[in-house]
Number of protein chains: 2
Amino acid sequence: MKHNSNVPAFLAKLWTLVEDADTNEFICWSQEGNSFLVLDEQHFAKEILPKFFKHNNMASFIRQLNMYGFRKVMHIDTGIVKQEKDGPVEFQHPYFKHGQDNLLENIKRKVSNTRPEDNKIRQEDLSQILASVHSVHSKQESIDLRLGTLKRENEALWREISDLRQIHAHQQQLIKKVSGEPILMNSNGKKPKYIHQIYDDKAICAV
Amino acid sequence: MKHNSNVPAFLAKLWTLVEDADTNEFICWSQEGNSFLVLDEQHFAKEILPKFFKHNNMASFIRQLNMYGFRKVMHIDTGIVKQEKDGPVEFQHPYFKHGQDNLLENIKRKVSNTRPEDNKIRQEDLSQILASVHSVHSKQESIDLRLGTLKRENEALWREISDLRQIHAHQQQLIKKVSGEPILMNSNGKKPKYIHQIYDDKAICAV
DNA sequence: GGTTCTAGAACC
DNA sequence: GGTTCTAGAACC
């Protein structure tokens, strides 16, 4: 293995440990070479681990293995035979294989605080969204009020226009009767534009 | 200790284990009696644990302790003296005290999936809120359109009324000129109600 | 990045 | 509720 490679210290030490024939009594490659076995857990933890790491706890060793994506190899019981409780522990990683130290650089330490940060962001999002909902809801209420006012005003306007048109028609009739010709001009000298003409080409939906 | 009490099996076994003078060599009360010590972790795990539990793993024992709220007692290093790595492990719980088995019933196993459920609920809330926001937003857009339409219609109506009033006024003048008296009645025989009278007591805000 | 204590989650 | 494997988080 290249010692100047970018392989983390833990992986380099683990590789050395498993490769080293002197410690094969306690930790070694499996038959297939795609996993490693710890044969005497107690002795391995107390005697071998401190020679490579700053502790002698199997738990810390396993924590590191999991941190780098190693998985314990479960020995499924084939039928009746009960799995021996004190058998060797076996760990495996797709890029940790006998004789293929070039794969080691593919093993990545799991990065922390991805989920905690996500949760915090989610919390902030939640607050922002709630504030936004309340804001939109308030505006909607005021718009609804305004809409109701406008609608009533509008209806009143239509009624007044209806009334005014009738008055106008009656006056027209009256004037026609007395003068013989209708008056259609307003003060601007232009023919008035009726509302139904303005909206002839637009659909007016009900409120 | 009452054997018919509602104390979980783990706590009952742990209490027995710590109390039992025969195992004091491996697990016993601390001097003050407010914590317990495991003196020879390796022997304790492999020889004592399986006599009380269905395993011989210190990790499983510690997992249970944590599950019931026990905390490891940390031995702070006073200054220069380095803490011995292989000293006894010590665990403590406010309701686990020498000679006070009546307190045991206060020790509660931590219930699981409180946080996961919270997160799931939060996720569901988030989805519902987002859907709600989109719904309200859509409605707001349609109301805005409707409001714009009504506003323009309203303005056109005001203009037409203005025109009609002018026409009416001119006609009045004309009729007055020719007949000597004004015509104010519409076809219903009632006096028309002008829009400014309807809204005299209401403030009309701008859109 | 390493070590330690505690917790989550799956399985029994 | 117990056991096991893995992960979170704090501290170094």
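## Exercises around helix α3 of chain A

Gly69(A), just after α3(A), takes a positive phi of about 90°. This is a predicted model, and the exercises below start from that spot.

**Exercise 1.** Find the buried residues of helix α3 of chain A, and say which elements they pack against.

*Solution.* Begin with the helix itself, which covers residues 58-67. Its buried residues are Met58(A), Phe61(A), Leu65(A) and Met67(A). Next, look at what surrounds them: they pack against the helices α1 (9-19) and α2 (41-52), and also against the strands β1 (27-29), β2 (36-38) and β4 (89-92) of chain A.

**Exercise 2.** Work out how β4(A) pairs with β2(A) and with β3(A).

*Solution.* Take β2(A) to begin with: 3 bridges join β2(A) to β4(A), and the two run antiparallel. Here Leu37(A) stands opposite Glu90(A). Now turn to β3, residues 71-72 of chain A, which is joined to β4(A) by 2 bridges, again antiparallel. In that pairing, Arg71(A) has Gln92(A) as its bridge partner.

**Exercise 3.** Describe the span that UniProt lists as "domain: HSF-type DNA-binding" in chain A.

*Solution.* The unreviewed UniProt entry gives residues 49-73 for this name. In the model, that span is 56% helix and 8% strand. Its end C-alpha atoms lie 20 Å apart.

**Exercise 4.** Decide whether Cys28 is buried or exposed in chain A and in chain B, then count the disulfides.

*Solution.* The cut-off for buried is under 20% relative accessible area. Cys28(A) is at 15%, so it counts as buried. Cys28(B) is at 14%, so it is buried too. Finally, with sulfur atoms required to be within 2.5 Å, the count over all chains is 0 disulfides.

Notes: Residues numbered from 1 in each chain as written. Chains lettered and ligands numbered in written order. Predicted model: local features only at pLDDT ≥ 70, side-chain atom pairs only at ≥ 80, totals over all residues. Heavy atoms only, no water. Buried < 20%, exposed > 50% of the residue type's maximum accessible area, 1.4 Å probe, protein only. UniProt positions renumbered as here; feature names shortened; annotations may be inferred. Helix = DSSP H or I, 4+ residues; strand = E, 2+ residues; numbered from the N terminus. Contact = heavy atoms within 4.5 Å. Pairing = 2+ DSSP bridges.
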